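This report concerns the packing and the backbone geometry of one molecular structure. The sequence and the coordinates are shown first.

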Amino acid sequence: MTDLPVITHWIDGAPVDGTSTRTAPVFNPALGAVAKNVRLASTADVDTAVASAQAAYPGWRDTSQARRQGIMFNFRELLNARKGDLADILTAEHGKVTSDALGEIIRGLEVVEFALGMPHLTKGEYSENVSTGVDVYTLRQPLGVVGIISPFNFPAMVPLWFFPIAIAAGNTVVLKPSEKDPSASNWLAALMTEAGLPDGVLNVVHGDKEAVDALLVHPNVQAISFVGSTPIAKYIYETAAHHGKRVQALGGAKNHMLVLPDADLDLAADAAVNAGFGSAGERCMAISVVVAVEPVADDLVAKITERLTGLKVGDGMRGCDMGPLITQVHRDKVASYIDVAHTDGAEVVVDGRGIEVDGDASGFWLGPTLFDKVSTDSDVYLDEIFGPVLSIVRVASYAEGLALINRSRYGNGTAIFTNDGGAARRFQNEVQVGMIGINVPIPVPVAYHSFGGWKDSLFGDAKAYGPAGIAFYTREKAVTSRWLDPSHGGINLGFPQNA
Ligand code: NAD
């Protein structure tokens, strides 16, 4: 154990051990073994990182847009060229398969590319001569030091949702990634340094509640961006707001896919499997409930079941479809819902326990699991299980399905599968959810729109990236100006007139 590598913080452009001796294990979930340990920051370590970001801020804020963009361009090129290395890190610590790891990085790269437009995106407005000789214009300026706290399930993409925009806009950053798969953040920070970013502009502290709490109350942190589970998102929102910070806090989800009787059932079955079991269901935009409008449920369940038997589960490096879960504890919790389903009277169509895997027997495996006729009172339906578990709920009509979705406490993503444009249009209008797919199961908006849910899936009013990201990481000044016209200042031989 003691010979295992130790992941340190990244402060002021270099690895830093920090003062805390506390560590947490980082597993390789496909091997079921501890592969590394990560340092867990003390409050003093967070203070050091914030001080580094605070010291770097005036210089970075005043660095010209052209120079900042040059560094972001370099970063984009380096990240694109070396994304395979980062994908290997993701697979080793998170477990997701290589193709999925690359997909997450490419969605993150999109945000870097969006941030390259910062000079255009932060242009102000100008109104000439609002009163005689008076002009009004707006400026968008950075906030200062901003904190980012990210979850385990997208160790590259979620940090990339935030720091490229924050930094390109002139802020400096302290990033606190998940302690379960921390290496990606250090790798990204080192790459930013290689791209030319001055020391202290992007710092990474690893840790748990102690580090998070230190960020939430720190007087020199101006804003907090958080992504994680709903109870923690709510806590972050309330605590950081109480300490006077701007906060965006994205939480958990339970995403429904409504399948109407006229839908293409093969397309819907493919979509349900891809969105339900990709990344072993550990996505906040995973589909976890298929709402089948009768009479299609029997056919749809048969088509989904047939597809599940063909899925290859195993080590993400070996070309499998689905990898392991993040920890043994999480794997066991997800698997426990199979017993809950039995008890609550659901039909367990596919039981993922004891599945054959292409990987080490000690890995945190659970195969694809499918429940049919799930009761909406059951915890299987109500909880965010966050694993390879898909529930089918049968309803009699579109209206019943819509009402079900709108009763959910979550409102992150949803999808409708239909060939009826009128029904789809009605759904997009009536459904109480932030991101909607029409024959698209995982409707994650592109980087120049913004990402975020409704209800308990997002606290505050600020979505992530896109125009919302620009608004979040900048604040506006309105300037009203009047310059003395030299013609006012002395002799006047007539002719030039001001009204
Ligand atoms: P989590 O809430 O356990 O952890 C998220 C972050 O909060 C981590 O950095 C963690 O160290 C920190 N944290 C955990 N407990 C804390 C506490 N008591 N006090 C302060 N900080 C604490 O979430 P997770 O398990 O890492 O990620 C999975 C969850 O994230 C799921 O609920 C998923 O839906 C959600 N998620 C949401 C989105 C979205 O955009 N809405 C995206 C990805 C993941």
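The text below treats the nonpolar cores, one helix pair and unusual backbone angles.

The model is predicted; local features require pLDDT of at least 70, side-chain atom pairs count only at pLDDT 80 or more, and totals for chains, interfaces and linings use all residues. Residues are numbered from 1 along each chain as its sequence is written.

The largest nonpolar core (buried Ala, Val, Leu, Ile, Met, Phe, Trp, Tyr and Cys residues joined through C-beta atoms within 7 Å) comprises 89 residues, and those with the most contacts inside it are I165, V173, L215, I224 and I236. Helix α6 (residues 157-168) contributes the most to this core, with ten residues; helices are DSSP runs of H or I with at least four residues, strands are E runs of at least two, and both are numbered from the N terminus. A second, separate core has 67 residues, including A263 and L366.

A cis peptide bond, with omega about 20°, joins E294 and P295. P295 belongs to the loop between β14 (287-293) and α11 (297-309).

Two residues other than glycine have positive phi values, as tabulated. A residue is buried if 20 or more other C-beta atoms, placed from the backbone, lie within 10 Å of its own, exposed if 12 or fewer, and partly exposed in between.

| Residue | Phi | Location | C-beta neighbours inside 10 Å |
|---|---|---|---|
| N129 | about 60° | strand β6 (residues 126-131) | 9, exposed |
| Y465 | near 45° | loop between β22 (458-459) and α16 (466-473) | 27, buried |
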